[in-house]
2 protein chains.
Amino acid sequence: MRVTLSDVAKQAGVGLSTASRALNRSGYVSEQLRKRVLQAAIALDYYPDMLAQQLASDRRRTITLFEVGNYGNVQSSQDLEWFFGPLHKALGRDIAEAGYELNIALQRSDEGHPAQVLARIRRSHGSAAIVLFIRSPLDARLVDELAQIDVPMVSINCPLERLGIPAINSDIRGAALKATQHLIDGGYSRIAHMQGPAHLPATELRIIGYEEAMAAAKMTPMMVEGDFDPDTGYSAMHKLLDVEQKPNAVFCANDSAAIGASRAIQERGLSVPDDIALVGFDDIPVSRFLFPSLSTVRQPQQRMGEATARAILDCLAGQTPPKELLIPCELIVRESSVPRPILS
Amino acid sequence: MRVTLSDVAKQAGVGLSTASRALNRSGYVSEQLRKRVLQAAIALDYYPDMLAQQLASDRRRTITLFEVGNYGNVQSSQDLEWFFGPLHKALGRDIAEAGYELNIALQRSDEGHPAQVLARIRRSHGSAAIVLFIRSPLDARLVDELAQIDVPMVSINCPLERLGIPAINSDIRGAALKATQHLIDGGYSRIAHMQGPAHLPATELRIIGYEEAMAAAKMTPMMVEGDFDPDTGYSAMHKLLDVEQKPNAVFCANDSAAIGASRAIQERGLSVPDDIALVGFDDIPVSRFLFPSLSTVRQPQQRMGEATARAILDCLAGQTPPKELLIPCELIVRESSVPRPILS
DNA sequence: TTGAAAGCGGTACCAG
DNA sequence: CTGGTACCGCTTTCAA
């Protein structure tokens, strides 16, 4: 059977509430009794029931990270875990230091509506605060639900500022601009952009950055629709190669797509970067080891996690965190976007 | 304020227990009252508190998937989410159909001891059953804790059979054998194996399969230690290229490592597969699009998820699932392991 | 300081 | 069929 607190209390020969206080280091308990209780707890291998604890205390001790996206989708999730890892780690660590627990609520965008899940979280006792990481289109229903929520929220990389939710954003637009500019500086004359999945903020921001750079250079934008996976990158690149004025450089929505694109290019007997330069996005672990190695943009996951933790803890402490934090991404130039010297 | 069941009952003008029954479709409630209760619930935007529900019912309704591994590690997690996705999906779906909820407990092997986390899960009200997916060395402490657990357990790809825990395994050994045999059949004379991380069952099984195939062909095994990430694959390959009798084919522990290896080979001015053939493991999404595309082994994640769900539900129904299920992997032959015809 | 008792939000048994 | 009531395991007043 389950060992309960009252078992411990009985064993230690003290009252229930004393046992509770002793274990929680709250309120007054004499050293003597505390020791007895602690020993009893160990002897009985007692472990508190978090459910009961939370239900009784109403002291929400967990912070929910609400992630929606096509988590688990073979097509495009390759970089997902990779992206989340450092963020989870940093966020979880900082939050734990403040005495909270990180609860990760994954929500696949293809099963059920995010708003429903949020509704559930909203009512559940568990959440002191919610971190939103929504990688799907924001519809009215979702926004509606968000407005109902009364615990502090912080959003990561999704445009929720208008709801007054503090935002932690990586500067995707700026990174897209930098990446495109890098291609422009490299002397490429026809630079295309292979877009990410439609209707995603992450996609839009890349497009905007790309367009800004192109406009500033008075160059004509050229785009294909795409996705975050290599399959789509492959076919999108083939489309790009079929047009009359082939691009000689492509800024891809992410590394996976770029890898697909690279294959398409080489299948046509063309070379990266001699015929077509490539820049990806994300710096997934293999990118550095491709041949040619892939130029890309590295997002500051760890700093984002830390910033998120700070913002959430600020909220919880009753302070107002900055409305928006824009954390720069790093452009990583590798072989795929640097013209090779002509060997004589 | 929180809307509770008693608010709903009051609003509907019925007793608390009636309201509970109406909402749960359990026990007898007249259609009339049920409608009233349902309407009241909707009107008040009532949502049940899962904590209280579980605490009161003691009817464990969630199945915990306990995963330990270096989840979140930038170095080697690329394939992790990709691997888990389909498994989660299949498992979650089948379990949901039976009225359970899947609770995913991620446990990084580098933070805290798995046994501690298990101890917590053990006592928590939430778990009707536990699925173990342990990708770290099994030490005494962990085995000890496992033995204490009294809810049904099923293990995925970890050697826990001796504890009497039903196992769902993908046939890694068999796949390694097939992969090596494929290289042997291809006429490669010096076939090496680049190992996975030390002390992991997954690593051992690959080694065993490799050795079996080599022994059957009376060839001399040749191994380097490695890991699951491209960095290590890269340096391990360089080591392999430094020995006198260079291999002309390498079976790598996974695709990421193979990609690192491929880079090392090409940096030496050698070609894949003409000078050295490569076979990976996992079939991560980009593998098909590499140049040359990577031969690899695809694990049956979806079937594993389904089999796991079946086993767990069997346990829960009081039946005894098979002690061990071995699900075959699929060898996928691509360019990296097929000698190209000499063009004349 | 300590412990008895009143919940937290539900579920389930039992008498009506 | 229905509603009162005793818990689930723990926290938290509030007397003692």
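A base oxygen of DNA strand D sits 3.3 Å from a polar backbone atom of Leu55(B), a polar contact (a pair of N or O atoms within 3.5 Å; within protein, one must be able to donate a hydrogen and the other to accept it, and residues adjacent in sequence count only if both atoms are side-chain atoms). This is a predicted model, where local features need pLDDT of at least 70, side-chain atom pairs count only at pLDDT 80 or more, and totals for chains, interfaces and linings use all residues. Residues are numbered from 1 along each chain as its sequence is written, chains are lettered from A and ligands numbered from 1 in the order in which they are written, and side-chain values use heavy atoms, with hydrogens and water left out.

**DNA strand D**

- Two side chains also reach the bases: a polar atom of Ser17(B) is 2.7 Å from a base oxygen, and one of Arg21(B) is 2.4 Å from a base nitrogen.
- Elements giving two or more residues to this surface are α2 (16-24) and α4 (50-57) of chain A, plus α2 (16-24) and α4 (50-57) of chain B; helices (H or I, at least four residues) and strands (E, at least two) are DSSP runs, numbered from the N terminus.
- There are 26 residues around the strand, with Leu5(A), Tyr46(A), Ser17(B), Arg21(B) and Ser30(B) coming nearest; being near takes a heavy atom within 4 Å of the strand.
- Sugar and phosphate make up 63% of the atoms of DNA strand D that come within 4 Å of the protein.
- By class, the surface has twelve nonpolar, eleven polar and three charged residues (Ala, Val, Leu, Ile, Met, Phe, Trp, Tyr, Cys and Pro count as nonpolar, Asp, Glu, Lys and Arg as charged, and the others, Gly among them, as polar).

**DNA strand C**

- Here 27 residues surround the strand, and the closest are Arg21(A), Arg2(B), Leu5(B), Ser20(B) and Tyr46(B).
- Sugar or phosphate supplies 61% of the strand's atoms within 4 Å of the protein, and bases the rest.
- Backbone atoms meet phosphate oxygens twice: a polar one of Gly15(A) at 2.9 Å, and an N or O atom of Leu5(B) at 2.4 Å.
- On the base side, an N or O atom in the side chain of Ser17(A) lies 2.8 Å from a base nitrogen.

**Helix packing in chain B**

- The axes of α1 (residues 5-12) and α2(B) come within 8 Å and cross at roughly 100° (axes are lines fitted to C-alpha atoms, for helices over the stretch in contact, with angles from 0 to 180 degrees between N-to-C directions).
- So α1(B) is roughly perpendicular to α2(B), a label for angles of 65 to 115 degrees.
- Leu5(B), Ser6(B) and Ala9(B) in α1(B) meet Leu16(B), Ala19(B), Ser20(B) and Leu23(B) in α2(B), where contact means heavy atoms within 4.5 Å.

**Tyr188(B)**

- Tyr188(B) sits in the loop between α8 (172-185) and β6 (191-194) of chain B.
- Tyr188(B) counts as buried because its relative accessibility is 9% (buried is under 20% relative accessible area, exposed over 50%, partly exposed in between; 1.4 Å probe, protein chains only).
- Its C-alpha is 6.3 Å from that of Asn248(B), 60 residues apart along the chain.

**Backbone oddities in chain A**

- Most residues other than glycine have a negative phi, and most peptide bonds are trans.
- The bond from Val272(A) to Pro273(A) is cis, with omega near 5°, and Phe291(A) and Pro292(A) are joined by a cis peptide bond with omega about 0°.
- His199(A) has a positive phi near 70° and counts as exposed at 61% relative accessibility.
- Lys218(A) has a positive phi near 55° and counts as exposed at 76%.

Definitions and conventions: Parallel < 35°, antiparallel > 145°, perpendicular 65-115°, else oblique.
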